[in-house]
Amino acid sequence: MKLLILYWSFMIIGYIIADRSRKKGMSFSWVQPVLMICIYILCLIMGLRMGVNEQITSNLGIIGLKSLVVTIFAVAGSIGAITITRKILGMDRYGNTKKQLETAGGVKADEEESNSVELKSTIIILTVVAIGMVLGVFVLSGPLSMYLESFDSTSYIALVVLITILLFFVGFDLGASGTVISYLKEAGIKVVIFPVVAVIGTIILGTASCMLMGFSIKEGTAISIGFGWYTYAPVVIAGAGQQYMIASAVSFMHNVIRETAAIILIPVVAKKIGYLETAGFPGVAAMDVCMPIVERSCRPDTVIYSFATGLLMCLVTSAGVPLVMGL
């Protein structure tokens, strides 16, 4: 909770500074390059941390396969639910309603080009994460293994600092656009609807996939409502008893895969499926780590849906996993 307050305090500060600077006619062309550099550094550190984590590297067999299947179904449920809801509400894949299209002329072809991260950026992110994992496995866990303990604490602090900087610039970008308030007014009740359907979609398909692989409905539900929170949900599941250790391991790997895949594939989802769908991909990371990527891949108003979805999933995970495992 303290970190959430820290992140959003800096985001608000960034918004205020940019909003006032915008009114003075200042240029903000330097923001996006700085934002992307921070994202690449963040991905490298996350790759390193995954590479030195034995729970990840030693469970890449059948547990890894099960985790991948759960992730595919859970993410498909979230994205699919958002897509269906979006079409029912008459919104195009950019999040525009028919009324917005009539008044603003819709999204121009060159806007998609300018607001979507190209495949090149996606490949860079994937490469950086892979390099980090390789260095973690063969360097930090090998010749430099004596520094693992200090690396864990130092890299955690670095992640917090980088996320804080990223969200400052997300707020800065929102303030520079000068449209966030109008976007929020236009979104209205939809800010609540899309997070709710994303949660429901994840639970339905995620739990179903777990049951198909032999887990009980209790285990499947607990795994599904982890929503990418790999430092919380697996611990709660494991604490319910030794008989749930496999479910805990699958929960851990599934949540790691979901967040990592979101970092890599959000630009692709934005370009090929829809802007609002990017908010349902990451899980709880939609309100912190992945928010800058959502903002960079879509439009500033998509951040509103991203935060709302991440917040709801965080609340559901916090209360839901202990509740399910206590049944």
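**Figure 1. Accessible surface and overall make-up of the protein chain in a predicted model.** About 14800 Å² of the protein chain is exposed, and carbon and sulfur atoms supply 71% of that area. The chain is built with 16 helices and 0 strands, and of its 327 residues 52% are buried. When contacts with a separation of 6 or more are considered, 82% of them in the protein chain come from residues 24 or more positions apart. The count of disulfides comes to 0; as for individual cysteines, Cys210 is buried with a relative accessible area of 0%, and Cys314, at 14% relative accessibility, also counts as buried.

**Figure 2. The nonpolar surface patch and the loop residue Ile189.** A patch of about 980 Å² on the surface is made by the nonpolar residues Ile62, Leu65, Leu68, Ile72, Phe73, Ile189, Val192, Val196, Ile200, Ile204 and Leu205. Two or more of the patch residues are given by each of helix H4 (62–88) and helix H10 (190–212). Ile189, which belongs to the patch, is placed in the loop between helix H9 (180–187) and H10. Because its relative accessibility is 58%, Ile189 counts as exposed, the cut-off for that class being over 50%.

**Figure 3. The salt bridge between Asp152 and Arg49.** Side chains of opposite charge can pair when their charged atoms come close. In the chain, 2 salt bridges are counted, and one of them joins Asp152 to Arg49, with the closest N and O atoms 3.6 Å apart. Asp152 lies in helix H8 (residues 148–177) and Arg49 in helix H2 (residues 31–51), so this pair ties together parts that are 103 residues apart in sequence. Asp152 is partly exposed, having a relative accessible area of 45%, and Arg49 likewise counts as partly exposed, at 23% relative accessibility.

**Figure 4. The salt bridge between Arg86 and Glu277.** Here the side chains of Arg86 and Glu277 meet in a salt bridge, with an N to O distance of 2.9 Å. Arg86 sits in helix H4 and Glu277 in helix H14 (residues 277–280), and the pair thereby links distant parts of the chain, 191 residues apart. Both Arg86 and Glu277 are buried, whereas Asp152 of the other salt bridge is partly exposed.

**Figure 5. Thr85 in helix H4 and the residues it contacts.** Thr85 lies in helix H4, and at 12% relative accessibility it counts as buried, since that class takes residues under 20%. With neighbours within four places in sequence left aside, Thr85 is in contact with Ile193, Phe194 and Val197.

**Figure 6. Ser21 and the backbone of helix H1.** Ser21 is placed in helix H1 (residues 2–23), and at 11% relative accessibility Ser21 counts as buried. The side chain of Ser21 reaches the backbone oxygen of Ile17 at a distance of 2.8 Å.

**Figure 7. Val316, Ile225 and the backbone of Phe227.** Val316 has its place in helix H16 (residues 302–325) and is partly exposed, with a relative accessible area of 23%. Not counting residues up to four places away in sequence, Val316 touches Val199, Ile225, Phe227 and Val321. For the pair Val316 and Ile225, which are 91 residues apart in sequence, the C-alpha to C-alpha separation in space is 7.1 Å. Phe227, another of the residues touched by Val316, lies in the loop between helix H11 (217–224) and helix H12 (233–238) and is buried, with a relative accessible area of 0%. Most residues other than glycine have a negative phi. Phe227, although it is not a glycine, has a positive phi of about 50 degrees.

**Figure 8. Ile124 in helix H7 and its separation from Ile264.** Ile124 is found in helix H7 (residues 119–140) and is partly exposed, with a relative accessible area of 30%. Between Ile124 and Ile264, which stand 140 residues apart along the chain, the C-alpha atoms are separated by 8.9 Å.

Methods. Residues are numbered from 1 along each chain as its sequence is written. This is a predicted model: local features need pLDDT of at least 70, side-chain atom pairs count only at pLDDT 80 or more; totals for chains, interfaces and linings use all residues. Side-chain values use heavy atoms; hydrogens and water are left out. Helices (H or I, at least four residues) and strands (E, at least two) are DSSP runs, numbered from the N terminus. Buried means under 20% relative accessible area, exposed over 50%, partly exposed in between (1.4 Å probe, protein chains only). Patches are made of residues with over 30% relative accessible area and no salt bridge: like charges are joined within 9 Å, nonpolar side chains (Val, Leu, Ile, Met, Phe, Trp, Tyr) within 5 Å. Accessible areas come from the Shrake-Rupley method with a 1.4 Å probe; for residues, only the protein chains shown count as cover. A salt bridge is a side-chain nitrogen of Lys or Arg within 4 Å of a carboxyl oxygen of Asp or Glu. Contact means heavy atoms within 4.5 Å. A polar contact is a pair of N or O atoms within 3.5 Å; within protein, one must be able to donate a hydrogen and the other to accept it, and residues adjacent in sequence count only if both atoms are side-chain atoms. A disulfide is a pair of cysteine sulfur atoms within 2.5 Å.
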